[in-house]
Amino acid sequence: EILGKSVIGTLIPKTETGESELELMIHELTENPQDFPVNTNLNTRKDGSQVWVYWTNSPILDSKGKLTEILCQLAVIPKEEIEGADVEEAFPPLGKYAGNITQAIESGIPEAGFRTRGMTDPNSHQDIIIYPLTDDMKGAVIRIDDAT
């Protein structure tokens, strides 16, 4: 149903200006997919309901090394794991950043400069950026970039 359509407006809510943090991140992903190996964000289902999704993104290159497509795999995080749960329960590796996430949501100002270790494997390092949602939506997009 969405093959060939933009992810913005189908899975990602489209805003009037087209400049929400999530829309800008998607545009950056298409330009530099290697910078976004994994991320977690709020996506829209066909019925309009929203769900948290964990994404992995892998660039597909042609024989000359030119980007031809991005293979995106996702896992929907069950609603039961999110509702009534704090960040630490819903996303255990992010639990120690709960205060920063709350601060970003309440202030409307992104939080950056966090480096963690071992989210994807014991020898890996990840940089975390917290983007508060806009347009009267309460929540945050948490961008996790591999820094290994």
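## The pocket lining

Sort the lining of the largest pocket by class and you get 13 nonpolar, eight polar and two charged residues. That makes 23 lining residues in this predicted model, and the ones nearest the pocket centre are Lys 5, Val 7, Trp 55, Ile 70 and Cys 72. The volume comes out at about 510 Å³.

As for where the lining comes from, α1 (21-31), β1 (38-44), β2 (50-61) and β3 (67-77) are the elements that each put in two or more residues. The top contributor is α1, with five residues.

## Overall layout

The protein chain has four helices and six strands. Going along the sequence, they come in the pattern α-β-β-β-α-α-α-β-β-β. With 148 residues in the protein chain, 33% count as buried.

If you like contact statistics, take the contacts between residues at least 6 apart in sequence: 31% of them join residues at least 24 apart.

## The sheet

The six strands make one open sheet, ordered β3-β2-β1-β6-β5-β4, with antiparallel pairing. At the edges sit β3 and β4 (111-117), and each has a single partner strand, so one side of each has no neighbour in the sheet. On average, neighbouring strands are turned by 30 degrees against each other, ignoring direction.

As a general reminder, strands of a sheet pair through backbone hydrogen bonds, in either a parallel or an antiparallel way.

## The β1-β2-β3 side

Start with β1 and β2, which run antiparallel and are joined by seven bridges. Here Asn 39 stands opposite Trp 55 in β2. Their hairpin has five residues between the strands, and Gly 48 in that hairpin takes a positive phi near 95 degrees.

Next along, β2 and β3 pair over 10 bridges, again in the antiparallel sense. Trp 55 turns up here too, standing opposite Leu 74 in β3; this is the Trp 55 listed among the residues nearest the pocket centre. The hairpin of β2 and β3 also has five residues between the strands, with Gly 65 at a positive phi near 85 degrees.

## The β4-β5-β6 side

On the other side of the sheet order, β4 and β5 (residues 125-132) run antiparallel and are joined by five bridges. For a register check, the bridge partner of Arg 115 is Asp 127 in β5. Then β5 pairs with β6 (140-146) in the antiparallel sense over seven bridges, and Gln 126 has Asp 146 in β6 as its bridge partner.

How many of the eight residues of β5 are buried? Six of them are, so β5 is largely enclosed by the rest of the structure.

## Helices on the sheet

Back to α1, the helix that gives the most to the pocket lining. It lies across β1, β2, β3, β5 and β6, and runs at about 130 degrees to β1.

Helix α4 (residues 98-107) packs on the sheet as well, where it touches β4, β5 and β6. The direction of α4 makes about 30 degrees with that of β5. Both helices therefore have β5 and β6 on their lists of strands.

Notes. Residues are numbered from 1 along each chain as its sequence is written. This is a predicted model: local features need pLDDT of at least 70, side-chain atom pairs count only at pLDDT 80 or more; totals for chains, interfaces and linings use all residues. Side-chain values use heavy atoms; hydrogens and water are left out. On a 1 Å grid over the protein atoms alone, a cavity is a set of points where a 1.4 Å probe fits but cannot get out, and a pocket is an open set with protein on both sides within 12 Å along at least five of seven lines; lining residues have an atom within 4 Å of a point. Grid points are joined across faces, edges and corners, and a volume is the space filled by probe spheres set on the points. Ala, Val, Leu, Ile, Met, Phe, Trp, Tyr, Cys and Pro count as nonpolar, Asp, Glu, Lys and Arg as charged, and the others, Gly among them, as polar. Two strands pair if DSSP finds at least two bridges between them. Axes are lines fitted to C-alpha atoms, for helices over the stretch in contact, and angles run from 0 to 180 degrees between N-to-C directions. Contact means heavy atoms within 4.5 Å. Buried means under 20% relative accessible area, exposed over 50%, partly exposed in between (1.4 Å probe, protein chains only).
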